[in-house]
Amino acid sequence: MKINVSTKLIINYLLLVVLVFSCTTFILLYKLNYESKAQLENELVTKAQLISEFIPAPVIHQGNTNQIQPLVQIAKQKSRARITVIAKDGKVLGDSESDPEIMENHLTRPEVIDALQGKTGASTRYSYTLQKNMLYVAIPAKTNQREISGIIRVALPVTTVNTLTVNILKNLWIGIIVALLLTIILGYVSAYFITKPIRQINAMTQEAIKGNWSQKIPVTTQDEIGSLAKSLNLLFQQQQGNIEAIKNEQNKITAIISSMSEGVIACDLDSRILLINKSIEKIFAVTAANCRNKMLLEAVRNNELDEILNLTLRSGQPQQSELSILVPVQKIFQVYASPLTNEDKTVGAVLVLHDITTLKHLENVRKEFISNVSHELKTPLTSIKGFIETLLAGALEDKNNNRRFLSIIQEHADRLGKLINDILELSKLESKEIQLEFKPVALPEIIRKTVETFTPQLAKSKITCAVNITGSLPAVRADQDKIAQVMINLIDNAIKFNKENGTITISADLQIDFLKIKVQDTGIGLPSADLPRIFERFYRVDKARSRDLGGTGLGLSIVKHIIEAHHGQVGVESIQEQGSTFWFTLPL
Ligand code: ADP
């Protein structure tokens, strides 16, 4: 059974009150009894002494019952007590309440024994003669020679003392009941105030269990409870500070981890996921809530990653590995796995996934570029070398062919020069080595001038070029030479990949915040499969045709780099055998 402190305090008060009252009553009654008896005894002694004057010792000594009995009756009326006269041998000589002849010998009565020894004897006991509790007092009746000739015994019932005790007890019980009622009321009030801070402390700790440490108990007393409240307030304040510091740290760490571009997974020793960050959610198309406490393999379904984790957990050593995933998006990661330790024991592991897809792609692009460059350079060089060898072997003297051979060598040397120029240009653009000179330029003018430079080729290929720019266009901030280069490359391609009697239309669209230039031709067009890669370096639909036409495969790549350096975009729409539209935008 749960008894609260207030009830316990009230019970204690009640017990205390009962105890105090009981002790007091006991002592009081004992004392009262004792005093009353002593008083009664004194009274009886006095009465006995008076009677000894009335019934003198010589009369008793004669031992004549007939003489003594009437005297005893008179003495009884005077003293209102029971009077007994006893001979030295214990024989009753007279008794006020009974016939002495039928009374037994009184020699063994304690008061008689004492009186026979010359003392005043007293004894309280139940009298079967009177059916009452009696106090007997006996004194020796002495002659002049101080000789004991008999005993005078006076007795009174002790009922008066008992009645008094009962009356006092009755009143005391009333007092006790009143005191107990008062104790309950006062006890409740005082217990309420004494236990109030304890209740507050209790409520405060209950709140703290729920995580609320920001409470304060009012300190109203300077006693132990007040000091406990003070200490608790201090403890709570410190605890709140600690919790806040931990929370801040945790928030910081969570913010860092969740904002990391690298994927982070923390697992326990059983490979169960403790934490994943946003990047992991994206990489594996999962949610943190669904992954928590699941086995890694079950959550992300990647055997390789699970193996790296298991190896780290088993060995307790950091691991590094490359990981390729195909779904949801094809990616390559460098995985760094480190064991989590606590007191030198491995308790889990953290996996950090660093996305190296672009890096790998760039590496591949670089490798591809080097192999492309060497291949592209090798082709004209081989031709040049071959024709020089042919000339040296005697063709130099061959008047029909020597000039033709030399012009082929020149053509290849030109191509080589053009290739090297384009590579250098591209490399400069990529490395941002060249600073573009931005200034307001009038695009229609650049376009018209560029088209003019192509007049001979246009005429030769029987292609007509129309510049459809009506109205005035706002000037754009651009590098004039580079934009001219873009136009050259696009018009050059539009001529090269056009058909006989084809047309080229150059137009400009003014949009809200950019200008869109289109170069449209009626040429061979592009297969739709090649469209996404057409701006890549050395990407050509038909390599032989491009080479024959003096192309390097870098023209569109240069266009893309220049336009992107102008914060614009490039694109192409094309239908095979119908023509292509290459476009670029320049922000206004
Ligand atoms: P090049 O013209 O030197 O080959 P580019 O980078 O300028 O290199 O062009 C790459 C490839 O794009 C060309 O080889 C060709 O296959 C295709 N191409 C470019 N312009 C056009 C066009 N106007 N019509 C059809 N194909 C084109």
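**Exercise 1. State in which helix Tyr192 lies and decide whether Tyr192 is buried, partly exposed or exposed.**

Step 1. Tyr192 belongs to helix α5, residues 159-209. Helices here are DSSP runs of H or I with at least four residues, strands are runs of E with at least two, and both are numbered from the N terminus.

Step 2. The structure is a predicted model, in which local features need pLDDT of at least 70 and side-chain atom pairs count only at pLDDT 80 or more, while totals for chains, interfaces and linings use all residues. Residues are numbered from 1 along each chain as its sequence is written, and side-chain values use heavy atoms, with hydrogens and water left out.

Step 3. The relative accessible area of Tyr192 is 36%. Buried means under 20%, exposed means over 50%, and partly exposed lies in between, with a 1.4 Å probe and protein chains only. Tyr192 is therefore partly exposed.

Step 4. Val5 stands 187 residues from Tyr192 along the chain, and their C-alpha atoms are separated by 9.3 Å.

**Exercise 2. Classify Asn12 and Ile60 as buried, partly exposed or exposed.**

Step 1. Asn12 is part of helix α1, residues 5-54, and Ile60 is part of helix α2, residues 57-62.

Step 2. Asn12 has a relative accessible area of 45%, so Asn12 is partly exposed. Ile60 has a relative accessibility of 1%, so Ile60 is buried.

Step 3. Each residue can also be placed by a distance. From Asn12 to Lys439, 427 residues apart along the chain, the C-alpha separation is 99 Å. Ile60 and Tyr30 are 30 residues apart in sequence, with 38 Å between their C-alpha atoms.

**Exercise 3. Identify the peptide bond that is cis, and name two residues other than glycine with positive phi.**

Step 1. The bond from Val327 to Pro328 is cis, with omega near -5°. Pro328 is located in the loop between β8 (319-325) and β9 (331-342).

Step 2. Asn293 has phi near 70°, and its place is the loop between α8 (288-291) and α9 (296-300).

Step 3. Lys462 has a phi of about 55°, and this residue occurs in the loop between α14 (455-460) and β12 (464-468).

**Exercise 4. Describe the surroundings of the ligand, from its pocket to its polar contacts.**

Step 1. The ligand sits in the largest pocket. On a 1 Å grid over the protein atoms alone, a pocket is an open set of points with protein on both sides within 12 Å along at least five of seven lines. A molecule sits in a pocket if more than half of its atoms lie within 2 Å of the grid points.

Step 2. Around the ligand are 20 residues, of which Asn493, Asp521, Ser546, Thr552 and Leu556 come nearest; a residue is near if one of its heavy atoms lies within 4 Å.

Step 3. α15 (480-496), α17 (555-565) and β17 (579-587) each supply at least two residues of this shell. The largest share, three residues, comes from α15.

Step 4. Polar contacts are pairs of N or O atoms within 3.5 Å. A polar side-chain atom of Asp521 lies 2.9 Å from a ligand nitrogen. For Val541, a backbone N or O atom is 3.1 Å from a ligand oxygen. An N or O atom in the side chain of Ser580 is 3.5 Å from a nitrogen atom of the ligand.

Step 5. The protein covers 97% of the 530 Å² of accessible area that the ligand has on its own, by the Shrake-Rupley method with a 1.4 Å probe.

Definitions and conventions:
Polar contact = N/O pair within 3.5 Å; in protein donor to acceptor, adjacent residues only side chain to side chain. 1 Å grid on protein atoms, 1.4 Å probe; cavity = no way out; pocket = protein on both sides within 12 Å on 5 of 7 lines; lining within 4 Å.
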